[in-house]
Amino acid sequence: MRTWRDVARYHLVVPWAPLLIPWAILAGSFLVNLVIFALAPDGQHTVVTSHGPVSVPNATSGYTGGVASIYIVFLIIGLNLVGRSLPFALSLGVSRRSYYAGSAALGVALAVADGLVLAVLQLIERATDGWGVRMDFFRVPYFLAGPWYLTWLTSSVALALLFIYGMWFGIVYRRWSLFGVTAFVIAQLAVVLAGVLLVAGANAWAGVGHFFTGLTAAGLTGLLAGLALLLLAGGHATIRRATV
Amino acid sequence: MTTAISVSGLTRRYRDHLALDQVSLEVESRSIIGLLGRNGAGKTTLLRILAGQEFPSSGSVLVHGAAPAENEAVLRRMVFVREDQTYPDFRVRHALRVASWFYPHWSAELADALLADFGLPAGRPVKKLSRGMRSALGIVIGLAARAEVTMFDEPYAGLDAVARQIFYDRLLADYAEHPRTILLSTHLIDEAAGLLERVVVIDRGRIALTADADDLRGVATAVSGPMLAVDEFTAGRVVWDRRRVASRVSVVVVGGLDEADRLRAGSLHLDLTPLTLQQLVVQAAAQPADTLERTSA
């Protein structure tokens, strides 16, 4: 456990990369959207009818999807952090197991902390009527639209999932470089294709559709958590025999 | 004396070549061992396996009585800084700070002194360091860690003669105060000879020779003089290398020479020159394996 903590500190020895980059990028995305919303006419659009142009309120409100940028950044941080710093850690007598556990623990801790900030920002967004311009930056319909604690939970799980996924890519690259990453992506596509063929073969599309329409955001979060555990196990199996 | 490292029948096979071939080796704790051999002889592979960075194809490795691979109890007592060590994107002081967290006996004092000795700027990004500076950083980490098993792989690639001397002096001084097991692979054999207690020569993945450094100093002698006299003197002895220039011949005789031998050589007007460690290693590496085993026995 002590070693885990030291591995996490090792990743944070230059702290701005994992701590600030996600927010710097998110802030950039936020500002761009804010400017667009401030300039755009408010919540309605013009439809030309036989009686001339008529102003109609927008069916959906101002969803941007801009919050997705932080999830992508988590993937990249996971990928970048883990592959590059493995050799020096092994030089200092850290086992691969501890290195992996410490790195994953750091990713989960960052996800939980940043998930909380996202939930708080979403509360502010609601309280200020979309930052004064009716923009839903931190609210994503269905996925991140419930109470603040559910937003916290769902974003934490999703951020952790992407960090862990990124780590796995980093380890695959460390072991087999670009060729390995290509094979890794192809293998994942093959898994998806196999799933599609299986569903199609069993004529089960209706069932799959019902499953997803019946799924709540909380249920989906549970599903993502399960997937994260699966990816965590995959990364561990890959790092076990990695050499430097 | 207890055994720090015990290797037996260690083989590491890569797709098309045998990096290590049935290597067996015992290293006593609290000693300085030189791992000598040519490029590609298998020195780095052996050290990587000892440090748990690489896995053996077969054979066993024990460090302090346990296999090091993924064994934190053993690994945490070791440090292994490589010639081609890669670091994350950070600065010299970050590398030292991180290293200090992993070693209970880390000496910040020694690290600072070494930084000053080598003129290593703490604020410089590691990837901006010259080759010599990178080597110096590895040396600082390896020494300041004060790990029970300290391994250096070609620690002074790119370092100038003054910096190398600093390394030898600091290593010996710190070793005297904090004895530990130090494994050092190197090409600069004669330079390092003064600090090595034991020498292991690896050649093409096999152990060519293991001996106490002191024992090796008189083990081979170059004998030169008129051909007939040399032939008379070397009759019945193991002879390694024979060179002829005009009527003079120079050969390397293996095995110690006693006082009677020296007197006889003098009366035959032969020149005797003991082989330096480096010459010995070069000679040893050129011999077929069975000759070597006879010598090291």
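Strands 8 and 9 of chain B run antiparallel and are joined by six bridges. Within this pair, B:Val201 lies opposite B:Leu209 of strand 9 of chain B. The model described here is a predicted one.

The two strands belong to an open sheet of six strands in chain B. The order across this sheet is 5-6-7-3-8-9, and the pairing is mixed. In general, strands of a sheet pair through backbone hydrogen bonds, either parallel or antiparallel. The edges of the sheet are taken by strand 5 (78-81) and strand 9 of chain B. Each of these has a single partner strand, so one side of each is left without a neighbour in the sheet. On average, neighbouring strands are turned by 15° against each other, direction ignored.

A helix covers part of this sheet. Helix 5 of chain B, residues 131-144, packs on the sheet and touches strand 5 and strand 6 (149-153) of chain B. The direction of helix 5 makes about 170° with that of strand 5 of chain B.

Helix 5 of chain B also packs with helix 4 of chain B, residues 108-118. The angle is about 155°, and the axes are 9 Å apart. An angle over 145 degrees counts as roughly antiparallel. The two helices of chain B, 4 and 5, are therefore roughly antiparallel to each other. Their crossing is right-handed. From helix 4 of chain B, the contact takes B:Leu110, B:Ala111, B:Leu114, B:Leu115 and B:Phe118. From helix 5 of chain B come B:Ala136, B:Ile139, B:Val140, B:Leu143 and B:Ala144. By class, this contact has ten nonpolar, no polar and no charged residues.

The domain assignment divides chain B into domain 1 (3-214) and domain 2 (216-296). The C-alpha centres of the two domains of chain B lie 34 Å apart. Their contact takes 15 residues from domain 1 and twelve residues from domain 2 of chain B. On the domain 1 side, four elements of chain B each supply at least two residues: helix 7 (189-193), strand 8 (198-203), strand 9 (206-212) and helix 8 (213-217). Strand 9 of chain B gives the most to this side, with five residues. Strand 9 of chain B is thus named twice, at an edge of the sheet and on the side of domain 1 that touches domain 2. The residues of that side divide into nine nonpolar, one polar and five charged.

Further along chain B, strand 10 (residues 220-226) pairs with two strands. With strand 12 (residues 248-254) of chain B, strand 10 pairs in the antiparallel sense over seven bridges. Here the bridge partner of B:Ser224 is B:Ser250. With strand 13 (residues 271-274) of chain B, strand 10 also runs antiparallel, and four bridges join the two. In this pairing, B:Ala222 stands opposite B:Thr273.

Chain A has eight helices and four strands. From the N terminus on, the elements of chain A follow the order α-α-β-β-β-α-α-α-β-α-α-α. Taken along the principal axes, the C-alpha atoms of chain A fill a box of roughly 75 × 50 × 30 Å.

One helix pair of chain A can be set beside the pair in chain B. Helix 4 (residues 96-127) and helix 8 (residues 217-239) of chain A pack at an angle of about 150°, with axes 10 Å apart. These two helices of chain A are therefore roughly antiparallel to each other. Helix 4 of chain A passes helix 8 of chain A in a right-handed crossing. In this contact, A:Arg96, A:Tyr100 and A:Ala104 of helix 4 meet A:Leu232, A:Gly235, A:His236 and A:Ile239 of helix 8 of chain A. The classes are four nonpolar, two polar and one charged.

The two chains also touch each other. In this interface, 22 residues of chain A are in contact with 23 residues of chain B. On the chain A side, helix 1 (2-11), helix 3 (68-91) and helix 4 are the elements that give two or more residues. Helix 3 of chain A gives the most, with six residues. The residues of this side divide into nine nonpolar, seven polar and six charged. Helix 4 of chain A thus serves in two contacts, one with helix 8 of chain A and one with chain B.

Note on methods
Residues are numbered from 1 along each chain as its sequence is written. Chains are lettered from A and ligands numbered from 1 in the order in which they are written. This is a predicted model: local features need pLDDT of at least 70, side-chain atom pairs count only at pLDDT 80 or more; totals for chains, interfaces and linings use all residues. Two strands pair if DSSP finds at least two bridges between them. Axes are lines fitted to C-alpha atoms, for helices over the stretch in contact, and angles run from 0 to 180 degrees between N-to-C directions. Angles under 35 degrees count as roughly parallel, over 145 as roughly antiparallel, 65 to 115 as roughly perpendicular and the rest as oblique. A crossing is left-handed if the near helix is turned anticlockwise from the far one by less than a right angle, and right-handed if clockwise. Two residues are in contact if their C-beta atoms, placed from the backbone, lie within 7 Å. Ala, Val, Leu, Ile, Met, Phe, Trp, Tyr, Cys and Pro count as nonpolar, Asp, Glu, Lys and Arg as charged, and the others, Gly among them, as polar. Domain bounds come from an automatic or database domain assignment.
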